[in-house]
Amino acid sequence: MPDSALTVARDPALAVVVRIFVGAVAERWNVPEAARDDLRLVASELFAGVVEAGAGQDVTFTITVDGDRVSLHTTGVDPLGPDGSADPDGWAGRLELIQALFPDAAVGRSVRISVPAETSDRL
């Protein structure tokens, strides 16, 4: 199955579009409902963080499926400061929430999280 991607400008009015996209694709790929809610929350937190950070590049949310795992990869976010720690401008709390929900989240200049899908018969 091909990747699904959404690229959006840093416009707060697009937050609902991000949540709908992530939820719809996760549902299509049989991600359990609780994990879908967590994915939407993470996408919302990431998007809110970049909107609060101000001007910058567009943000891309890419969802891929690999066997029985669905991954959300977000680029255009840069939650880390120059020293590699969470930027103090609101990112620290957001990253704590993301890592509490997904302890194995890969957080760097982009963010990648992965969740299980219920079945392998996705269309």
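Start by selecting Arg-40 and Asp-37: in this predicted model, their side chains meet in a salt bridge, with N to O at 2.2 Å. (A salt bridge here is a side-chain nitrogen of Lys or Arg within 4 Å of a carboxyl oxygen of Asp or Glu.) Both residues sit in helix α2, residues 33-53, and because they are three residues apart, about one helical turn separates them. Helices (H or I, at least four residues) and strands (E, at least two) are DSSP runs numbered from the N terminus. Colour Asp-37 by accessibility and you get 34%, so it counts as partly exposed. The scale goes like this: buried is under 20% relative accessible area, exposed is over 50%, and partly exposed is in between, using a 1.4 Å probe and protein chains only.

Before moving on, some housekeeping. Residues are numbered from 1 along each chain as its sequence is written, and side-chain values use heavy atoms, with hydrogens and water left out. As the model is predicted, local features need pLDDT of at least 70 and side-chain atom pairs count only at pLDDT 80 or more, while totals for chains, interfaces and linings use all residues.

**Next stop: Arg-94**

Which residues are linked with Arg-94 in a network of salt bridges? Select Glu-45 and Glu-52 to see them.

Take Glu-45 first: its salt bridge with Arg-94 has the closest N and O atoms 2.7 Å apart. Glu-45 lies in helix α2 and Arg-94 in helix α3, so this pair ties together parts that are 49 residues apart in sequence. Glu-45 and Arg-94 are both buried.

Now swing over to Glu-52, whose side chain meets that of Arg-94 in a salt bridge of 2.8 Å, N to O. Again distant parts of the chain are linked, with Glu-52 in helix α2 and Arg-94 in helix α3, 42 residues apart. Is Glu-52 buried or exposed? At 54% relative accessibility, Glu-52 counts as exposed, whereas Arg-94, at 12%, counts as buried. The structure holds three salt bridges.

**Then: Ser-71**

Jump to strand β3, residues 69-75, and pick out Ser-71. Its relative accessibility is 15%, so Ser-71 counts as buried. Show the Ser-114 side chain too: a polar contact of 3.5 Å joins it to the side chain of Ser-71. (A polar contact is a pair of N or O atoms within 3.5 Å; within protein, one must be able to donate a hydrogen and the other to accept it, and residues adjacent in sequence count only if both atoms are side-chain atoms.) Contacts (heavy atoms within 4.5 Å) of Ser-71, leaving aside neighbours within four places in sequence, include Thr-62, Ile-63, Thr-64, Arg-112 and Ile-113.

**Last stop: zoom out**

Hide the side chains and trace the ribbon: three helices and five strands, running β-α-α-β-β-α-β-β along the sequence. Of the 123 residues in the protein, 43% are buried. Among contacts between residues at least 6 apart in sequence, 68% join residues at least 24 apart.

Finally, colour by pLDDT, the predictor's confidence in each residue from 0 to 100. The protein averages 84, and 85% of the residues score at least 70. Among the elements, strand β1 (residues 4-8) has the highest mean, 95, and helix α3 (residues 91-101) the lowest, 82. Where pLDDT is low, the predicted coordinates should not be read in detail.
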